[in-house]
Every structure is written in C-alpha cells, then in structure tokens.
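Dear colleague,

Please find below the structure that I agreed to pass on to you. My findings follow it, and I should be grateful if you would read them with the structure open.

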Amino acid sequence: QGFHYPSADLLSGLLFGYRANFDSITKHSLSFLGLTHLIAISGYNVALFLLLVDKVLFFVNRLHRLYLYPFFLFIFIIITGFQSSVIRACLMALIQLFALKYHSDYDNLDALFVVMLIFFLWNPARIYFDLGFWLSVCSTMGIILFGKVFLNFFRKYFRNTIIQEALAMGCVSMLATMLISYVFFGQFNLFAILANILVAPLVPVLMLGAFNYIVNFNGVLDLL
C-alpha cells in the first residue's frame, strides 16, 4: 500500500526537500518548533540517493560508477527543483568523489568554502537574496565545527549510534540557524531544543524506511 497525504508529503520533504504540498499550518509548526532544517536537503539525503544509484547500477564496476555519479547528482538537483541547499550538498559530494578518485585528502570545511566561492562566482545576487543558501551553509558549518563536540556529549547518555548522531546533528543545525530564523522570521523558541531532541532521532529511521520502500517497491511515485 502506497503513502498518502500527509505521510507522503512529509516523506517527500525529508527525502527531496519538497514542501510545495505542505499546508500553512504545517509550515508554521515546523518553523515555530525549529524543525525546518529537518526537511532541508543535506549530505545525508545525497548519500541515500547515491546508495539508490548503487542499487540500480549494481552490475556496473564500482570504479566506473564514479564517472556516472556527477550525472546522477545533476538529476537529483533537477528532481529537487534546483534548491540552493541541494546544489550545495551535491557540489560537496562531487568534490569528495573527485578526492576519492584521485586519492586526495578531503576536508569538509575546505569543500564548503570552495562551494561558497562557486556560488559567488556563478551568481552573487543569489547569495545575497537566497535565505535557503545561508541556512544551508550555517547548518553545514555548524555541523563541521561543533558536530563532534555535541556527538561526544550525547554519547555519554545514549548508546545507540543513530540516536547519538541524530541528536547531535539536529541540535547543532538548529542552534546554527537560530539567529537567522530570529532575524528573518522573528521567532525564538527555547522549546525548539526539546522538540529537536524528541524528533531528531526519528528522522533517520523515517528516511531509511522510505528509502527501503522506494528500493523494494518502486514507491518513489507516491512521494512525488
């Protein structure tokens, strides 16, 4: 049985960052609770998509797949509507793939700055007016700089790795984008911290479940 409203809309938001079908109440609730970052495309989404590509192209030599990944990343950008957060995540994934291909060292922070430079050279006006770009950059930079600190903190209280990472990344993303949310949306809600602690561990489980559904039952049409 396929997914239907509102489940399909939520999962399409988690997997593809697609929010067009969200009603105003849902959008306001996500924003008020500081959970908007959960439906923004991240490196986790890109990794799941490339894993899907691997499943489809299982008959292709893994080394040869490296040459196909850029094409599929571009397809992913098209599917998700050329969102800044998607382009940012795909460009960073592409840099990492090139580093893997040529046996070079990869640094997340360096890759992020390279992507920011590409955005600036490509379309400076978009950087200035695109709030989604800055939310994505701040969230990513927060995870790079403080992700391990939060991860070590949650390791003291939780044994499950998925819960540790989900809580750490969720809280860092929320705190890193809190100032922008306050300045542009006029919202500052301390309850958002509790909301992230409660909801963040469920997100990877939902995404993996939806991904498994797509792989095994071709359910991608239910989510689009």
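Q164 is buried in this predicted model. Its relative accessible area is 7%, and this counts as buried because the cut-off is under 20%. The residue Q164 lies in helix 9, which covers residues 161-185. Leaving out residues up to four places away in sequence, Q164 touches L151, F154, R155, F158 and R159.

Two of these contacts, L151 and F154, are themselves buried residues of helix 8. Other buried residues in helix 8 include F133, S136, V137 and G147. Helix 8 also has a kink of about 60°, centred on F146.

I then turned to the nonpolar cores. In soluble globular proteins, nonpolar side chains tend to be buried together. The largest nonpolar core here has 26 residues, and V46, L73 and C90 have the most contacts inside it. At least two residues of this core come from each of helix 3 (43-56), helix 4 (62-79), helix 5 (84-101), helix 6 (108-122) and helix 8 (131-155). Helix 5 gives the largest share, with seven residues.

What is C90 in contact with, leaving aside its neighbours within four places in sequence? The residues are V46, L73, F76 and I77.

There is also a second, separate core of five residues, among them F154, L167, A168 and C171. F154 is thus a residue to look at twice: F154 belongs to this second core, and F154 is touched by Q164.

Yours sincerely

Note on methods. Residues numbered from 1 in each chain as written. Predicted model: local features only at pLDDT ≥ 70, side-chain atom pairs only at ≥ 80, totals over all residues. Heavy atoms only, no water. Helix = DSSP H or I, 4+ residues; strand = E, 2+ residues; numbered from the N terminus. Buried < 20%, exposed > 50% of the residue type's maximum accessible area, 1.4 Å probe, protein only. Contact = heavy atoms within 4.5 Å. Core = buried A, V, L, I, M, F, W, Y, C linked by side-chain atoms within 4.5 Å. Bend = angle between axes of the 7 residues up to and from the residue.
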